[in-house]
Structure formats: structure tokens, C-alpha cells
Amino acid sequence: MKGGLIGCGFFAVNQMHGWQEIEGVEIVAICDRDRARLTEIGDKFDVDARYSDAAEMLAAEKLDFVDIATTVESHRALVELAARHGLHVICQKPLAETMEDARAMNAAVADAGRVFMVHENFRWQSGLRAAIDAVRAGKIGEPFFCRASFRSGYDVYSGQPYLATDERFIIQDLGIHVLDVTRAIMGEVSTLSASIQRVNPKIRGEDVATILLKHDSGATSVVDCSYATRQQPETFPETLLEIDGETGTLRLDAGYRLTIQTAGGEDVIDVSPRLYPWAEKPWHNIQESVATIQRHFAECLRQGRSPETSGDDNLRTLALVEGAYFSAAEARTIKPEEL
Ligand code: NAD
Ligand code: 89V
């Protein structure tokens, strides 16, 4: 399968490394409006077909799919362009800035009869996936409570300066992953309410968010995220879990330690990510999940099935993000179906 990468920035390096791990897939063309970034990625990964305009790339190259690694404001135009060319699409999160854009993008690829997957990779992290699989397999019975927590003081702004200047920050960038993982474990959400704070005075958006979710099943979740938490050991970029079920409990603690307790005893499992030769700590957790989600995308294309984080699926995660901002702004409980 031949792919074209659009966006050669901070995170695209991981995506290029990830594709090299996937048998039968090759990125044959790359695109970025920024010449320096185009040259850097092209030279590093030995890709000769380089474009500064995505429309030119799609007109000139014979591709099966595009991998969109640009920031959110460009996603809709690029996804619709790819759909017009009849290509499968994998697009970075956050999918869109509005539900209207996200629905239009999803419809465009569906109308073209192609596969649309959102690069929502946290649910493919080794520890989080082990927790999702354990709950889905009924290891702790029906879950009635989940706390999904990401608290860090790591400097994310130096690698991704837009995180400090965008109007929306932690829910749109990071909370989106934690909300998605919570959906994967606890199911769909009927109501949510959120509180947001800006602790760091040097940034524009919110760096702390606490979100209360009521699920269709009747269960409750708390999603709490912070980039203002000064603690040692620093746990970036780990998401920690506390899940209580009718017949047991599951904990995913710092250091990739998964504990499942039931009447039958306690299992403690090391769910550390692998360290690819191109990866570096502490990012290796996220980097591994990039290759894992890309493998899933390639398998889905080969087998003609819908990816777990399809456009359709991701609309439900995006509605939680939108809902959290609405809830915080209007100080009220939101039903995702309102959005
Ligand atoms: P970045 O700003 O470093 O890179 C984006 C690149 O896209 C830039 O080089 C820019 O010139 C290029 N670009 C923008 N619009 C373009 C267009 N229309 N045509 C061609 N090139 C264009 O951003 P980043 O930090 O690499 O983030 C990219 C995306 O990845 C964001 O949506 C971000 O949220 C996401 N991200 C995801 C993860 C994850 O774990 N899933 C981690 C980090 C970033
Ligand atoms: O995963 C992400 O989307 C990244 C980070 C971990 C820094 O929040 O932007």
C-alpha cells in the first residue's frame, strides 16, 4: 500500500518511523508548506517525492491512502481533498474544531466509499489496551466506576508551541485521548459536566480539566487532566486508571503496573511499552501506540473492515470534548446528543 504524508512537523517523525514498522506499507510522497520541514523529513526517511501543496501531490501521485499529520485547522480541507481523489484517510486528532466540520469530513470519505480512521492512539497504548481488554473480557464484572487520570508538569510547549497559544488546550489536545479511553472502557456517555482552570499564567487556554461523566449503563466516570501538576516522579505521558467492577477492581498505576483483584486473588502485570530503536523515553509509550494504530489501519484496509477509531466512532469522542467546553462555559450538565 502506498501512502502520502501531509504535514512534516513535530509528531510526523513518529508517524514516518511507525510506517516503517508496517509490512507492505510505504510512504512514497510527503507534503508540507514549510520547505525546511519537508527537506528534513524527506532526507531523514529518503523520500524523493516532495510537495508544498497537497492538491499537487494527490494529482501527481498514485496513492492508496493519505496520512494527515497537520494541526486541526487544516484537517477538513485536506480530508475532503483526499476523499475527492478516492483515497483512504487516516487523520490526526483532534479531528476538527467543530462537530459540523467533523460530520462533513466523515460523510465525504463515506460517500467516496473509503476507510476513514482518526489517529486516536492512546487506546492503543500497551497499558491502556491491556486494561480495555481485561474489562471487555469481564475480568472485574460490570464496571460501575472509572477514574481516568493524567496529571503532569512536563513541558509540552517547547515541542508543540501551539499548545501555549491556542484558545483551547488540555481538553482538545490531551483530554480528548483520556475521554476516548474512558468511552472504550465504560461505553457511551449520557450526560457530562466539566470544570476547567488555567493555572499557568503564560498560556492562553486551560491547563486543568475535571470532567464528570454518566454512562448509558448507569456507571460514572471522572476524567481529570492537568499539565500544572508538579510532582516527582513525573509520570508523563501515562494515563492512570482506577476501575471498580461488580466482581473486582482494576488499577493501572504509574510505572505501567496493572493490578487486577477479584475474589480469586490478585494479578499484577507489567504492561510496559516496548522501546523501538527509534523511540525515546518517556515518549516511547506514545511512540509504540503510533505503530500499533497504523498496523490496525493497514489490517482494516486489507480485511475490508472498519477501524476501531473510525470517523463514526470518533464523532462520539469529539462530542465529549465539545460538551466539556460547553459545560464549563455555561456551568451546566450537557447531553452529548445536543451537539
Ligand atoms: P506541527 O505544527 O509541528 O506540524 C504540522 C505541520 O503541518 C507543519 O510543519 C505545517 O507547516 C504543516 N501544515 C499545516 N497545514 C498544512 C497544509 N495545508 N498543507 C501542508 N502542510 C501543512 O504540529 P504537530 O505537533 O506535529 O501536530 C500535528 C497533529 O498531530 C496535531 O493535530 C496534534 O494534535 C497531533 N498530535 C498527536 C499526537 C498523538 O499522540 N496522537 C501527539 C502530538 C501531536
Ligand atoms: O498526545 C498528544 O496529543 C500530545 C501530548 C501528549 C503532548 O498531549 O499533544
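**Exercise 1.** In this predicted model, find out which residues are closest to ligand 1 and how many residues surround it.

*Solution.* Start with the whole shell: 25 residues surround ligand 1. Now pick out the closest, and you get Phe-11, Asp-32, Lys-93, Asn-121 and Tyr-162. Finally, sort the shell by class: it splits into 8 nonpolar, 11 polar and 6 charged residues.

**Exercise 2.** Work out which atoms of Asp-32, Lys-93 and Asn-121 pair up with ligand 1.

*Solution.* A polar contact here is a pair of N or O atoms within 3.5 Å, so keep that cut-off in mind as you go.

- Asp-32: a polar atom of its side chain is 2.7 Å from an oxygen atom of ligand 1.
- Lys-93: here the backbone does the job, with a polar backbone atom 2.9 Å from an oxygen atom of ligand 1.
- Asn-121: an N or O atom of the side chain lies 2.8 Å from a nitrogen atom of ligand 1.

Next, check how covered the ligand is. On its own, ligand 1 exposes 860 Å², and the protein buries 90% of that. As for the location, ligand 1 sits in the largest pocket.

**Exercise 3.** Now do the same for ligand 2: which residues are around it, and which helix gives the most to its shell?

*Solution.* List the neighbours first: Lys-93, Phe-122, Val-156, Gln-160, Asp-173, Leu-174, His-177, Tyr-227, Trp-283 and Ile-286. By class, that makes 6 nonpolar, 2 polar and 2 charged residues. Helix H8, residues 170–186, gives the most, with 3 residues.

Then look at the contacts. Lys-93 has a polar side-chain atom 2.6 Å from an oxygen atom of ligand 2. The side chain of Asp-173 also puts an N or O atom 2.6 Å from an oxygen atom of ligand 2. For Tyr-227, the distance from a polar side-chain atom to a ligand 2 oxygen is 3.0 Å. Taken alone, ligand 2 exposes 270 Å², of which the protein buries 94%. Ligand 2, too, sits in the largest pocket.

**Exercise 4.** Say how many cavities of 30 Å³ or more there are, and what lines the largest cavity.

*Solution.* The count comes to 1 cavity of 30 Å³ or more. About 60 Å³ of space lies in the largest cavity. Its lining is made of Gln-125, Gly-127, Leu-128, Glu-238, Thr-239, Leu-240, Leu-252, Asp-253, Tyr-256 and Asn-285. Helix H6 (126–136) and strand S12 (248–253) are the elements that give two or more residues to this lining. Sorted by class, the lining has 4 nonpolar, 4 polar and 2 charged residues.

Note on methods: Residues are numbered from 1 along each chain as its sequence is written. Chains are lettered from A and ligands numbered from 1 in the order in which they are written. This is a predicted model: local features need pLDDT of at least 70, side-chain atom pairs count only at pLDDT 80 or more; totals for chains, interfaces and linings use all residues. Side-chain values use heavy atoms; hydrogens and water are left out. A polar contact is a pair of N or O atoms within 3.5 Å; within protein, one must be able to donate a hydrogen and the other to accept it, and residues adjacent in sequence count only if both atoms are side-chain atoms. Accessible areas come from the Shrake-Rupley method with a 1.4 Å probe; for residues, only the protein chains shown count as cover. On a 1 Å grid over the protein atoms alone, a cavity is a set of points where a 1.4 Å probe fits but cannot get out, and a pocket is an open set with protein on both sides within 12 Å along at least five of seven lines; lining residues have an atom within 4 Å of a point. A molecule sits in a cavity or pocket if more than half of its atoms lie within 2 Å of its grid points. Helices (H or I, at least four residues) and strands (E, at least two) are DSSP runs, numbered from the N terminus. Ala, Val, Leu, Ile, Met, Phe, Trp, Tyr, Cys and Pro count as nonpolar, Asp, Glu, Lys and Arg as charged, and the others, Gly among them, as polar. Grid points are joined across faces, edges and corners, and a volume is the space filled by probe spheres set on the points. A residue is near a molecule or strand if one of its heavy atoms lies within 4 Å of it.
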